[in-house]
Amino acid sequence: MKSTKKTVTVAEAAALIASKNSIALFAHTNPDGDTLGASVALAVALRNMRKSVSVFCDTPVGDKLLANFTELGEIKGTFDGKYDFMIAVDCGDLSRLGTFSPVYDRFAETLTVDHHGGSYYSKYNLVTNYASTCQMVYEILKELRLTIDKDIATYLYMGLCTDTGNFSHNNTDKNAFLMAADMWQYGAQTEKVNRVFFKDTTLVETQLLGRAISNLRSYFDGRLIVMYLTQADLKEFGATLNETSGIVQTAINVDTALAGVMLTEYSPNVYKISMRGKDFDVRNVCNQFGGGGHKFASGCMIGGFLEDVIEKIVRAVGFEL
Ligand SMILES: [Mn+2]
């Protein structure tokens, strides 16, 4: 716990960063394109200022990302060395730093750069409600008058593009499009970022999607769409649980759907449930089963035989529709 916590402006954050020599950056646990893009862009740019910078994340970056974006390979999973300054990038609260939370919390000189409008857990807090943390890093780099090369632009674009859902979520505003234009001008590999984050799938992921679609059921005139995969399905394709993560989107994409539900058999007769809502509060439903999340993107675990679990969900959703 920091005894004094203060809010800082972009200019103040930039001045703080400029005054330090060795800096540790922390991406959040289970990293997304924004935390990775923002921290690596900041690291590369600050090294051009002759600063010593390391990036830490408690979760390994996936092979697909590493193969396409080589600088992500520099991210370290264990803490090392001494630093003058620590920055938490895209972390709405201290727990988002995962296993690095204690080391960060014990250190005096810390700065949050985040857009979730969350808690103030650092000594200095640069917190906005921007669409992405990469937009905040862009402002810091401009303040420091650092050159933005094509790699930095690619990483900044990565977070902008992923946190706006490829410029489709309702957080996509004029500033997001203007920054995209700037990144394109600096040489960002926009097509590659789009392909890796929004198009590429593995063969197994596509096979699982096909099976889940053939298992699709519609209830309440299509207002609830349920899809599922059993352990036998996963085994048949030699798949792991995290290869099923995007499938729920197919359920909620049905135009009539207010709720989309994906059940994956996590262990025998235990189902991991992902729910998405359109103007329908799925968190409320997941809460009833001890889960939670966001209002329109939530999850829970339910034990039982497949048909019983589906029936429980249909009843709980039907009650709220
Ligand atoms: Mn973010």
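**Exercise 1. The parallel sheet**

Determine the strand order and the pairing of the open six-stranded sheet that contains strand 1 in this predicted model, and identify its edge strands.

*Solution.*
Step 1. The six strands follow the order 1-6-5-4-2-3, and their pairing is parallel.
Step 2. Strand 1 (6–7) and strand 3 (52–56) form the edges, since each of them pairs on one side only.
Step 3. As an example of the pairing, strand 4 (residues 85–89) runs parallel to strand 5 (residues 110–114), and four bridges join them. Within this pair, M86 of strand 4 is placed opposite T110 of strand 5.
Step 4. Two helices may now be added. Helix 2 (residues 33–47) packs on the sheet and touches strand 2 (22–26), strand 3 and strand 4; its direction makes about 165° with that of strand 3. Helix 5 (residues 133–143) lies across strand 4, strand 5 and strand 6 (124–127), at about 120° to strand 5.

**Exercise 2. The buried side of helix 7**

Establish whether the length of helix 7 (residues 174–185) agrees with 1.5 Å a residue, and decide which of its residues are buried and which are exposed on the opposite face.

*Solution.*
Step 1. The helix has 12 residues, for which the expected span is 16 Å. The C-alpha atoms at its ends are 17 Å apart, which agrees.
Step 2. The buried residues of helix 7 include A176, M179 and M183. These three cover an arc of only 65° around the axis, and therefore lie on the same side of helix 7.
Step 3. The general rule is that an α-helix has 3.6 residues a turn, so residues three or four places apart point the same way.
Step 4. On the face turned away from the buried side, the exposed residues are K174, L178, A181 and Q185.
Step 5. The cover over the buried residues of helix 7 includes helix 5 and helix 6 (150–163).
Step 6. After helix 7 comes G187, with a positive phi near 95°.

**Exercise 3. The mixed sheet**

Describe the open sheet that contains strand 7, and state which helices pack against its strands.

*Solution.*
Step 1. Six strands make up this sheet, in the order 7-8-9-10-12-11, with mixed pairing.
Step 2. Its edge strands are strand 7 (217–219) and strand 11 (292–293), each pairing on one side only.
Step 3. Helix 9 (residues 203–214) packs on the sheet, where it touches strand 8 (224–229) and strand 9; the direction of helix 9 makes about 130° with that of strand 8.
Step 4. Helix 13 (residues 306–320) lies across strands 7, 8, 9, 10 and 12 (the last being 297–303) and runs at about 160° to strand 8.
Step 5. Strand 9 (residues 259–267) and strand 10 (residues 270–277) run antiparallel and are joined by eight bridges. G260 stands opposite R276 of strand 10.

**Exercise 4. The surroundings of G277**

Decide whether G277 of strand 10 is buried or exposed, and list its contacts beyond four places in sequence.

*Solution.*
Step 1. A residue is buried if 20 or more other C-beta atoms lie within 10 Å of its own.
Step 2. G277 has 23 C-beta neighbours inside 10 Å, and therefore counts as buried.
Step 3. Apart from neighbours within four places in sequence, G277 is in contact with L258, A259, V282, K295 and F296.
Step 4. A257 is 20 residues from G277 along the chain, and the C-alpha atoms of the two are separated by 8.1 Å.

**Exercise 5. The two domains**

State how the protein is divided and what distance separates the domain centres.

*Solution.*
Step 1. The assignment gives domain 1 (6–199) and domain 2 (205–320).
Step 2. Taken over C-alpha atoms, the centres of domain 1 and domain 2 are separated by 32 Å.

Note on methods
Residues are numbered from 1 along each chain as its sequence is written. This is a predicted model: local features need pLDDT of at least 70, side-chain atom pairs count only at pLDDT 80 or more; totals for chains, interfaces and linings use all residues. Two strands pair if DSSP finds at least two bridges between them. Two residues are in contact if their C-beta atoms, placed from the backbone, lie within 7 Å. Axes are lines fitted to C-alpha atoms, for helices over the stretch in contact, and angles run from 0 to 180 degrees between N-to-C directions. Domain bounds come from an automatic or database domain assignment. The expected span of a helix is 1.5 Å times one less than its number of residues. A residue is buried if 20 or more other C-beta atoms lie within 10 Å of its own, exposed if 12 or fewer, and partly exposed in between; C-beta atoms are placed from the backbone. The arc is that of the directions from the helix axis to the C-beta atoms.
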